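Please open the model in your viewer and keep the sequence panel beside it, so that each selection can be followed in both. The tour moves from one selection to the next and says what is found at each stop.

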Amino acid sequence: MEADTATGSTPPRDPALVAELNDLIQLDHDAVEGYTVAINALKSDAYREQLVAFRADHKRHIEELGACVRLRGGMAAEMPHPTGLLKIAVQGVGAAGSLAAGDPAVLLAFKAIEGQTRDKYRRAATRPFPADVADVVQRAAADEEKHYEWVHSTLEATGHGEGTAHGMAARAVEGINKLIADPMERVGREVMRMWEENRPKR
């Protein structure tokens, strides 16, 4: 276990904290896969470049949160949530729709997934985490606000915003995704906490 470079001490083992961080890491793994689907489906070079940059943010989150987990003797998650398949399916619908409706259909599907990511990080940023963890989580939450605002404003500018038929349909999909994914991921987080509690110390 590594020592905290700021204090020179090693944080205590904290299975509940490790489970919370691994839940966020899995969320970022979900995002990386979803971004890849969207990037491959988009026709606009400018949109693809923007999503590639945002995907790099998610990869950075995985690395930084993983370091926080390992510092506390935990094992960082290396896979997406089981619900990641649901999110990829939503992205796939957008990709298929893009053949008829163009890039806005991809961005609408992308927004439906990004909304859950933003909201989950927004909640995490209010948690009383240790200082090193809080710094990482708050930076990641700021990234998610930026990602969501970009897709929101881009859709508004192309006439596919909240008040349009396409926008309202995407909002409904976003709500259904949260309704299904959030409870399942809470159960997964509790399973990870129990596993960390019972895992032999290294």
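In which helix do Asp45 and Arg48 both lie, and how many residues apart are they? Select the two residues and follow the backbone between them: both belong to helix 2, where they are 3 residues apart, about one turn of the helix. Helices here are DSSP runs of H or I with at least four residues, strands are runs of E with at least two, and both are numbered from the N terminus.

Before going on, note that this is a predicted model, in which local features need pLDDT of at least 70 and side-chain atom pairs count only at pLDDT 80 or more, while totals for chains, interfaces and linings use all residues. Residues are numbered from 1 along each chain as its sequence is written, and side-chain values use heavy atoms, with hydrogens and water left out.

**The whole chain**

Colour the chain by secondary structure, and you should find 6 helices and 0 strands. Of its 202 residues, 50% count as buried, where buried means under 20% relative accessible area, exposed means over 50%, and partly exposed lies in between (1.4 Å probe, protein chains only). Among contacts (heavy atoms within 4.5 Å) with a separation of 6 or more, 79% are between residues 24 or more positions apart.

**Helix 1 and helix 2**

Now select residues 15-41, which form helix 1, and residues 45-71, which form helix 2; their axes come within 9 Å and cross at roughly 160°. The axes are lines fitted to C-alpha atoms, for helices over the stretch in contact, and the angles run from 0 to 180 degrees between N-to-C directions. Helix 1 is therefore roughly antiparallel to helix 2, a term used for angles over 145 degrees. The residues of the contact between these two helices divide into 16 nonpolar, 6 polar and 4 charged; Ala, Val, Leu, Ile, Met, Phe, Trp, Tyr, Cys and Pro count as nonpolar, Asp, Glu, Lys and Arg as charged, and the others, Gly among them, as polar.

Next select Arg55, which lies in helix 2 and is buried, with a relative accessible area of 18%. Leaving aside residues up to four places away in sequence, Arg55 touches Val32, Tyr35, Thr36 and Ile39. If you also select His29, 26 residues from Arg55 along the chain, you will find the two C-alpha atoms separated by 9.8 Å.

**Salt bridges along helix 2**

Side chains of opposite charge can pair when their charged atoms come close. A salt bridge is counted when a side-chain nitrogen of Lys or Arg is within 4 Å of a carboxyl oxygen of Asp or Glu, and a search of the whole structure finds 12 of them.

Return to Asp45 and Arg48, which form a salt bridge with their closest N and O atoms 2.1 Å apart. Asp45 is partly exposed at 47% relative accessible area, and Arg48 is also partly exposed, at 25%.

Move on to Asp57 and Arg60, whose side chains meet in a salt bridge of 3.3 Å, N to O. Which of the terms buried or exposed describes Asp57? Asp57 is buried, with a relative accessible area of 13%, whereas Arg60 counts as partly exposed at 29%.

Finally, add Glu64, which forms a salt bridge with Arg60, the closest N and O atoms being 3.8 Å apart. Salt bridges that share partners join Asp57, Arg60, Glu64, Asp135, Arg139, Asp143 and Lys146 into one network, and selecting these residues together completes the tour.

Key:
Parallel < 35°, antiparallel > 145°, perpendicular 65-115°, else oblique.
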